[in-house]
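Subject: The structure for you to look at

Hi,

Here is the structure I said I would pass on. Have a look around it first, then read my notes underneath.

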Amino acid sequence: MNIPAKILKANLFTNFRSNYFSTKYYYLSIARDKMSLEEAKKLAAYRAVDEHVESGYTVGIGSGSTVIYAVDRLAQRVTEENIKVKCVPTSFQARQLIINHKLALTDLEISPHLNVCIDGADEVDSNLNLIKGGGGCLLQEKIVASCAEQLIIIADYTKHSCLLGEQYKKGIPIEVSPLAYVPIKLKLEKKYKGDVALRMAVNKAGPVVTDNGNFILDWKDFDQSLNWKTVNDDLVSWPGIVDTGLFIGMASKAYFGLKDGSVKTQS
Ligand SMILES: O=C[C@H](O)[C@H](O)[C@H](O)COP(=O)(O)O
């Protein structure tokens, strides 16, 4: 069929215009969603720092993208309200955040007792049990949190679940000694089912190596109805498992920034 050149040109222009505008709309909506997710993290972080940090406190600084806002707010309060705080990092990233914000850096050797620890989470269930370690930090986070009177969790609305594994699909991180990663993977799949994979690095050949020189196994497709206290107690007793990203009965309160600009708390 011969289509007159004039009609062809008009159609091409219409197609180009509709593709251009739908693509533009697509990118705009992604940007808007991202903005609201970041805004939600910031809202939760600011509220938690305002409600749980007082002058004279030693504060545990967690790791991840949400904690960045907590450190921003902490630094702001130090400058504007002249509060005095000392900060214990839970990772290399947290240490850098503390140093870059010119906050007072300490450690568990000097300050073994913390008033509060503020940290993010990959998922929070209805009993305040957590999955952590999505960014490769869990061991130091768990140690520091265990030295704090309160562990306060800050997160956006996507992290809130009824059961662990409902929202977060990347698996439960398990930090293992490098030499034990294959036997642990096989034993875990045999005993608790699911799929266990060695976490591989991006922009580096080979596996992710934690701040402590260990590997991370991600345990996916597990049975969501497992008793996590029992499972965690069992796993941490296996030689080769350094610790797990299961934080059971540790958090006192969680702050979730919501899409509408409000903050929901759970305790
Ligand atoms: O390994 C990372 C830590 O456990 C983080 O606290 C957790 O992954 C949450 O990070 P984000 O605030 O970036 O979601």
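Below is what I found, starting with how far to trust the model.

This is a predicted model, where local features need pLDDT of at least 70, side-chain atom pairs count only at pLDDT 80 or more, and totals for chains, interfaces and linings use all residues. Residues are numbered from 1 along each chain as its sequence is written.

**Confidence**

pLDDT is the predictor's confidence in each residue, from 0 to 100. The protein chain has a mean pLDDT of 91, with 87% of its residues at 70 or more. Residues 12–30 are another story: pLDDT is below 50 there, and the stretch has 0 contacts in the model beyond near neighbours in sequence. (Two residues are in contact if their C-beta atoms, placed from the backbone, lie within 7 Å.) Where pLDDT is low, the predicted coordinates should not be read in detail. For the model scores, you have ipTM 0.99 and pTM 0.88.

**The chain as a whole**

There are 6 helices and 14 strands in the protein chain. Helices (H or I, at least four residues) and strands (E, at least two) are DSSP runs, numbered from the N terminus. Of the 267 residues, 39% are buried, meaning that 20 or more other C-beta atoms lie within 10 Å of the residue's own, with C-beta atoms placed from the backbone. If you take contacts between residues at least 6 apart in sequence, 76% join residues at least 24 apart.

**Strands**

Two strands pair if DSSP finds at least two bridges between them. S10 (residues 215–220) pairs antiparallel with S8 (residues 172–176) over 5 bridges, and S9 (residues 195–198) also runs antiparallel to S10, joined by 4 bridges. Look for Leu217 in S10: Ile174 is its bridge partner, and Leu198 stands opposite Leu217 too.

There is also an open sheet of 3 antiparallel strands, in the order S5-S6-S12. S5 (123–124) and S12 (246–247) are at its edges with a single partner strand each, so one side of each has no neighbour in the sheet. S6 (residues 130–131) is joined to S12 by 2 bridges, with Ile131 opposite Leu246.

**Around the ligand**

Which residues come nearest to the ligand? Of the 17 around it (C-beta atom, placed from the backbone, within 6 Å), they are Gly64, Ser65, Thr66, Gly120 and Gly135. The shell has 3 nonpolar, 10 polar and 4 charged residues. Here Ala, Val, Leu, Ile, Met, Phe, Trp, Tyr, Cys and Pro count as nonpolar, Asp, Glu, Lys and Arg as charged, and the others, Gly among them, as polar.

Cheers

Conventions. A residue is buried if 20 or more other C-beta atoms lie within 10 Å of its own, exposed if 12 or fewer, and partly exposed in between; C-beta atoms are placed from the backbone.
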